[in-house]
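This report goes through a protein chain from its overall make-up down to a few selected parts. Please have the sequence and the 3D view open while reading.

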Amino acid sequence: MASDQVEIRKSVTPGAISMLLSNSSPDSPSDIPEIIVQVVDLKPIGSSSTRFTFTASDGKMKLKAMLPTHFSSEINSGKLQNLGLIRILDYTCNSIPNQPEKALIVTKCEIVCPSLDMEIKSDVKKEETGITLKPKQEALTKSDAKKEELGVTSKPKQEMVTKSAVQIVHEQHGNAAPAARLAMTRRVHPLASLNPYQGNWTIKVRLTNKGNLRSYRNARGEGHVFNVELTDEDGTQIQATMFNEAATKFYPKFESGKVYYISKGSLRVANKQFKTVQNDYEMTLNENSIVEEVQGEAFVPETKYNFVRIDRLGAYVNGRELVDLIGIVQNVSSTLSIRRKSNNDTIPKRDITIADDSNKTVNVSFWNDLATDVGQQLLDMVDTSPVVAIKCLKVGDFQGVSLSTLSRSTVVINPSLPETKKLRSWYDSEGKGTSMASVGSNLVSPNSKTGSRSMYSDRVFLSQITDDPTLGQDKPAFFSINVYVSFIKPDQTMWYRACKTCNKKVTEAVGSGYWCESCQKNDDQCSLRYIMVVKVSDPSGEAWLSVFNEPAEKIIGCSADELDRVKTEEGDEKYQLKLKEATWVPHLFRVSVAYTEYMNDRRQRITVRAEAPVDCAAESRYLLEEIHKLSVS
């Protein structure tokens, strides 16, 4: 008897594909009978690690299908493999344009068996095009006739009294609001189940971000557009765009934080260059789309994060893609008032220093309410080293790498996440006593997926930078150079007094000690940090470079505190000798080129972002490769 039950669990439901096709969009998961299919030809969609397609087989018929994105963890962990069995708990069948067959979109399922040794009746023919489907009752009767053949006992489908949606609404919810009637008469689809080939659908979502109504002009004419970000109960997000008449119609209707039923929209593959949420598709609503507010709905979407480690942030510098971050708060500054250049308005800002188990730190700028509210909470509890999770951060290149909040950013202190426990355990055991450096201090380039690039990437001569006045006008440009330090002005201001906690500039306090405006505290001591300019030369010419503390220490060969001691205790002659010893030494620099404005004068500024000594062997290999390229061309 026990062996029979094992065989039953390891087989499919006879006629399962016919059941699915005859009821392509069930009104409720409770209406779905026992449906077990075999997963055949399981594979990812393109390079995606969350979307998988397969062929659903019942031993006689087959159907193209797609698994829900949240089920990808079961596949990646090996709990479900090719030739495994799944029980379908909720689904929809969509028509494929220009093709007679349908596609099965599984929205909820469970694993029956990870994998079988072979495909059940793998020699059967795939469902033929143009097959005439029989009614569900007939399909079930036919499947019952083959129970002995496959060894499966299928649960009989419960009898249902067929009623129209109008009758149900009239009998049970006669006075319901339009949005409520929409929910009762049409099935609500999760966002994860939507795709461009789907027919009619209705979603229930919360508006989590509303963009501004913008005007545009292109070759096809003028118009206006705005975007919204929508989140469903599972935490899945999608971006929806409205143009012209649709923008005018829905802009006043959408309000941040409210819940809506939306239908009659269209989907397309998302443009990765402009997408602001993690979804393979984006939605477009036209003037015929339906948007109904849900009254009294209080569901809070589950927040889904896609955390990036601090040492991997270099790949996102100055890009359009936003990042999520989790880390230990190490320092919180006081609130500063920043004046906007565009309209002279002042807005509050607060800087937060965050670390993670990559032993790197990064500066995050909080703006507006996040600076005054959440920022103040973090300042009050910074001594406890709280964990903070931040969603939607923009990555900039200030000091190599910096992060900044946006209007859509959210901050959660000590979130209930597995990552929180992992970080807390790391910090308490070893992180607290580990010396950490800013991720920007060792950043070589912001463009590679590893956060750093070789000093032999984007190699240029100095003249290629200085002779091109357009470089850096719109955004910083990054290059590598091989140069000699030819001159260091001995009479320039070479360092500044810095706070030992946050490295910001300090001033002498009244009485004694030093006052840090950022930390809002006095300290008996301060440290010196380099901020200087050096002249460099290569075969094409020369240029002045701005150099900050870490690369400057490598150029001079000692810290600013040590150089100050030499100047003070050993005299000016020893000081100038130290600077002279640092000249005519070759260096590999990674530099940024940008424009700055001072006293109404805009000029090109070249800043050293990272330094490396010249490796003669590596340099020779690089030159040989360049010669080979010339010979090939």
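The text below covers the whole chain, then one helix, one helix pair and two single residues.

**Whole chain.** The model is predicted. The protein chain contains 15 helices and 29 strands. Of its 633 residues, 45% are buried. Its exposed area is about 34100 Å², and carbon and sulfur atoms supply 48% of that area. When contacts in the chain between residues at least 6 apart in sequence are taken, 64% of them join residues at least 24 apart.

**Helix α9.** Helix α9 runs over residues 368-381. Its 14 residues, at 1.5 Å each, should span 20 Å, and the end C-alpha atoms are 20 Å apart, so the two values agree. The helix nevertheless has a kink of about 35 degrees, centred on G375. G375 is also among the buried residues of α9, together with L370, A371, V374 and L378. Part of the cover over these buried residues comes from strands, including β14 (323-332), β16 (346-355), β17 (360-367) and β19 (402-413). As a general point, residues three or four places apart in an α-helix point the same way, because there are 3.6 residues a turn.

**Helices α13 and α14.** Two packed helices are described by the angle between their axes and the distance between the axes. For α13 (residues 560-570) and α14 (residues 572-581), the angle is about 150 degrees and the axes are 6 Å apart. On the α13 side, L563, V566, K567 and E570 take part in the contact, and on the α14 side D572, K574, Y575, K578 and L579 do. These residues divide into four nonpolar and five charged, with no polar ones.

**Two single residues.** Which class of burial do S527 and N82 fall into? S527 counts as buried because its relative accessibility is 13%, under the 20% cut-off. N82 counts as partly exposed because its relative accessibility is 34%, between the 20% and 50% cut-offs.

| Residue | Location | Relative accessibility |
|---|---|---|
| S527 | strand β26 (residues 527-538) | 13% |
| N82 | loop between α3 (72-76) and β4 (85-95) | 34% |

With neighbours within four places in sequence left aside, S527 is in contact with Y496, R497, A498, C499, K500 and D561. On the same basis, N82 is in contact with V39, V40, D41, L42 and S115. N82 and L116 are 34 residues apart in sequence, and their C-alpha atoms are 8.2 Å apart in space.

Conventions:
Residues are numbered from 1 along each chain as its sequence is written. This is a predicted model: local features need pLDDT of at least 70, side-chain atom pairs count only at pLDDT 80 or more; totals for chains, interfaces and linings use all residues. Side-chain values use heavy atoms; hydrogens and water are left out. Axes are lines fitted to C-alpha atoms, for helices over the stretch in contact, and angles run from 0 to 180 degrees between N-to-C directions. Helices (H or I, at least four residues) and strands (E, at least two) are DSSP runs, numbered from the N terminus. Contact means heavy atoms within 4.5 Å. Ala, Val, Leu, Ile, Met, Phe, Trp, Tyr, Cys and Pro count as nonpolar, Asp, Glu, Lys and Arg as charged, and the others, Gly among them, as polar. The expected span of a helix is 1.5 Å times one less than its number of residues. The bend at a residue is the angle between axes fitted to the seven residues ending there and the seven starting there. Buried means under 20% relative accessible area, exposed over 50%, partly exposed in between (1.4 Å probe, protein chains only). Accessible areas come from the Shrake-Rupley method with a 1.4 Å probe; for residues, only the protein chains shown count as cover.
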